[in-house]
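Trainee: I am new to this one. Please show me how to read it, feature by feature.

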Amino acid sequence: MKNPVQENRMPQDAAWSQLWLCYTPRQDADNRAYVEQVSVSGFAMTDPVIRNAWQELQRGVGGMLDVRPVLREDAAIDRGLSVRRGETPAEGYALMEKNGMLTLTASDEKGVLYGIFHILRQIAQEKPLQGMRELCQPSNPLRMLNHWDNMDGSIERGYAGASFFFRDGEILIDGRTQDYARLAASVGINGVVLNNVNVKEQATWLITERYFDRVARIAEILAGYGIRLFLSLNYAAPMELDGPDSADPLCPEVVGWWRDKMAEVFRSIPNLGGFLVKADSEGRPGPFTYGRTQADGANMLADLVKPYGGVIIWRCFVYNCKQDWRDRKTDRARAGYDNFIGMDGAYHDNVILQIKNGPMDFQIREPVSPLLGGLTRTNQMLEVQIAQEYTGQQIDLCYLIPMFKETLDFKTYCGAAQDTVADIVGGRSFGSRLCGMAAVCNTGGDANWTGHDLAAANLYGFGRLAYDTSLAAEEIAAEWARMTYGCDRKTTDTVTALLMGSRGTYEKYTSPLGIGWMVEPNTHYGPNVDGYEYSRWGTYHRADHLGLGVDRTDAGTGYVRQYHEPNASRYNNVQECPEELLLFFHHLPYTYRLRSGKTLLQHIYDSHFEGVEEVERMIRAWEGLEGRVPDISYRNVRERLERQLHNAKEWRDQVNSYFYRKSGIGDEKGREIF
Ligand code: GCV
């Protein structure tokens with residue numbers, strides 16, 4: 001059923017590719033008067049960031065309020081928007097309204113840009129500018145997107161089409177590059193890594209003459225939106241380009257080669273922020289190959305980029321990916337901590353260690369990596385993944401911001417105060433200024449950027465959360481819904497509820513109680529309960545006819561001791577362990593009673609049935625929005641939900657049948673198990 005009132009205010013196909021910046025008409029909410037006249041003082045209109053901020057304001061208020069703002073440079077106005085330079089924290093801004101005058105104060109250009117996007121958010125949500133009194137400053141100094149785009153145009157773990165940065169070994173620059181920068185800047189992103197951390201073939205050549213001009217052009221476009229460009233580096237580049245036949249970080253010829261290379265690179269790409277490095281990981285070369293430490297490798301590069309203000313972001317995803325599944329002592333979860341904690345304090349001050357949120361690999365439920373809070377003398381960055389590799393691949397709905405909130409709010413007990421992950425990566429715990437959050441990005445060449453229309457909420461949400469970690473996941477979801485679909489109440493409420501419930505639903509029909517990994521190997525979509533059980537990747541669930549789970553207690557792999565107290569004891573003790581993580585830490589019989597009174601096995605059965613039922617309810621809820629959201633979006637989400645339902649049923653039936661066959665214990669409720 002169509003809703004004619006809404007229809008003319010909904011984004012149509014062309015505007016749809018602008019996502020939350022679609023700027024379709026909005027109710028005035030007495031906002032027009034604040035954007036008809038704009039004065040700017042203390043900032044040069046020729047500055048690219050200021051120019052882009054002004055253009056965005058024109059575009060936004062033109063579309064939403066049908067206003068063409070008039071610019072009065074260095075002139076006094078008594079009504080409207082006054083942008084001026086003043087004291088605020090870096091990349092922060094103040095918005096104050098008084099007597100019909102809205103004043104945007106910032107100490108730098110990025111603050112102005114973010115302030116303008118804030119005003120546009122307010123207008124898009126039909127909230128009044130009158131009475132505004134806000135001081136906003138970033139919780140995290142670095143707020144980055146990591147693209148795993150390859151130069152042939154493919155994207156590792158990409159679920160939204162081909163790369164819009166690369167095709168057939170060439171760098172693409174078109175309108176989408178700028179739209180990307182606008183979208184990223186609108187939520188406060190200030191750093192972007194363009195290419196996959198697995199740097200192979202042509203990507204190794206990104207630091208050569210062959211690509212300098214184009215990379216520099218992208219860096220310039222991004223810089224116009226306050227974003228610094230970073231590249232992923234091939235640690236073995238000297239060997240693959242024209243350098244020495246070694247990548248030993250302590251070898252003088254290798255160091256000399258890198259010194260010359262860095263001089264050339266920073267000369268050619270002046271805005272470059274530095275490099276992201278995946279070394280000694282999943283077959284990638286690194287310092288371990290030469291008997292050197294991770295610190296030797298990172299510091300060598302860091303010293304060479306330092307004269308140019310460069311930074312080395314070094315990933316901690318280092319583990320043995322050739323494990324024997326028979327070996328119960330080696331525990332992949334331990335690897336990050338074991339490989340990095342010993343050199344805490346040895347990393348130079350322009351090195352940042354980038355740590356995945358969990359100790360394994362972006363599962364739907366993992367404990368927080370113990371490196372976060374373990375390292376106390378090293379710059380740290382939290383890495384999350386909005387590309388939904390293990391969380392439904394942008395076919396299944398899975399809003400990840402609640403998960404990131406849990407990670408940020410986790411108390412590590414690394415100190416008496418300011419001990420949460422948010423404090424650590426925000427630089428408050430240990431006084432670091434090179435730290436923050438990075439997300440493996442979920443974008444691609446699809447017209448809607450993220451494949452599933454609702455997956456754009458993860459892109460939006462990551463940026464908003466990284467800028468302000470105090471925001472609630474639900475608040476972000478509702479804000480995104482209003483920005484994207486307009487302010488129809490039913491639409492906002494339905495979309496928000498769908499998003500907020502989605503992670504729990506996905507968890508219910510996939511792998512239970514923190515165990516993870518019952519997924520199809522390689523593709524990582526759909527169930528395959530034993531798919532990884534006898535392989536080399538260290539990702540086992542250890543199910544037998546009596547029980548399930550990995551013993552990571554003192555009696556098992558001892559992983560629990562990587563946490564500070566009281567976390568270590570809490571995880572070690574089966575009675576105190578948070579139930580959602582029970583099987584991550586304990587191997588338990590199927591008959592083990594949970595706090596609910598249910599057995600472990602009954603919980604597995606119930607949650608898988610519930611998960612499918614919840615997807616059915618999600619479909620009905622979405623159907624209630626037909627005619628309220630643009631048809632193009634309605635159809636996109638409807639089609640994805642159907643596929644999600646199919647996937648959920650596969651998971652339910654395979655997981656339940658697997659455990660029924662292993663245990664021989666039936667479902668108490670007598671439902672169909674195969
Ligand atoms: C970029 C997982 C993914 C890989 C990815 C790796 C990483 O193992 O499956 O595709 O490689 O993580 O984070 O480096």
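Mentor: We will go through domains, a helix and three residues.

Mentor: This is a predicted model: local features need pLDDT of at least 70, side-chain atom pairs count only at pLDDT 80 or more, and totals for chains, interfaces and linings use all residues. Residues are numbered from 1 along each chain as its sequence is written, and side-chain values use heavy atoms, with hydrogens and water left out.

Trainee: Which domains does the assignment give for the protein chain?

Mentor: Domain bounds come from an automatic or database domain assignment. Here the assignment gives domain 1 (27–136), domain 2 (142–471) and domain 3 (509–550 + 587–663). The contact between domain 1 and domain 2 takes 14 residues from domain 1 and 16 residues from domain 2; contact means heavy atoms within 4.5 Å. The centres of these two domains, taken over C-alpha atoms, are 33 Å apart.

Trainee: How much area do domain 1 and domain 2 bury between them?

Mentor: Buried area is the accessible area (1.4 Å probe) that two parts lose on being put together, summed over both. For domain 1 and domain 2 the figure is about 1,200 Å², with 45% of it on carbon and sulfur atoms.

Trainee: How many salt bridges does the rule find across that interface?

Mentor: A salt bridge is a side-chain nitrogen of Lys or Arg within 4 Å of a carboxyl oxygen of Asp or Glu. The rule finds two across the interface of domain 1 and domain 2. Helix 3 (48–65) and helix 4 each supply at least two residues of the side of domain 1 that touches domain 2. The side chains of Glu56 and Arg182 form a salt bridge, at 2.8 Å from N to O.

Trainee: What span does helix 4 reach?

Mentor: Helices (H or I, at least four residues) and strands (E, at least two) are DSSP runs, numbered from the N terminus. The expected span of a helix is 1.5 Å times one less than its number of residues. Helix 4 (residues 109–124) has 16 residues and reaches 23 Å from first C-alpha to last, close to the 22 Å expected. Just after helix 4, Glu126 takes a positive phi of about 55°.

Trainee: Why is helix 4 called largely enclosed?

Mentor: Buried means under 20% relative accessible area, exposed over 50%, partly exposed in between (1.4 Å probe, protein chains only). In helix 4, 14 of the 16 residues are buried, so the rest of the structure largely encloses this helix.

Trainee: Where is Asn140 found, and is Asn140 buried or exposed?

Mentor: Asn140 is in the loop between strand 6 (133–136) and strand 7 (142–146). Asn140 is buried, at 0% relative accessible area. A polar atom of the Asn140 side chain lies 2.8 Å from the backbone oxygen of Ala466.

Trainee: Which residue's side chain makes a polar contact with the side chain of Asp606?

Mentor: A polar contact is a pair of N or O atoms within 3.5 Å; within protein, one must be able to donate a hydrogen and the other to accept it, and residues adjacent in sequence count only if both atoms are side-chain atoms. For Asp606 the partner is Arg671, at 2.5 Å. Asp606 sits in helix 19 (residues 600–623). Asp606 is buried, at 1%. The two residues are 65 residues apart along the chain, with their C-alpha atoms separated by 9.7 Å.

Trainee: Where is Asp331 found?

Mentor: Look in the loop between strand 13 (311–315) and helix 10 (335–340). Asp331 is buried, at 7%. The side chains of Asp331 and Thr557 share a polar contact of 2.7 Å.
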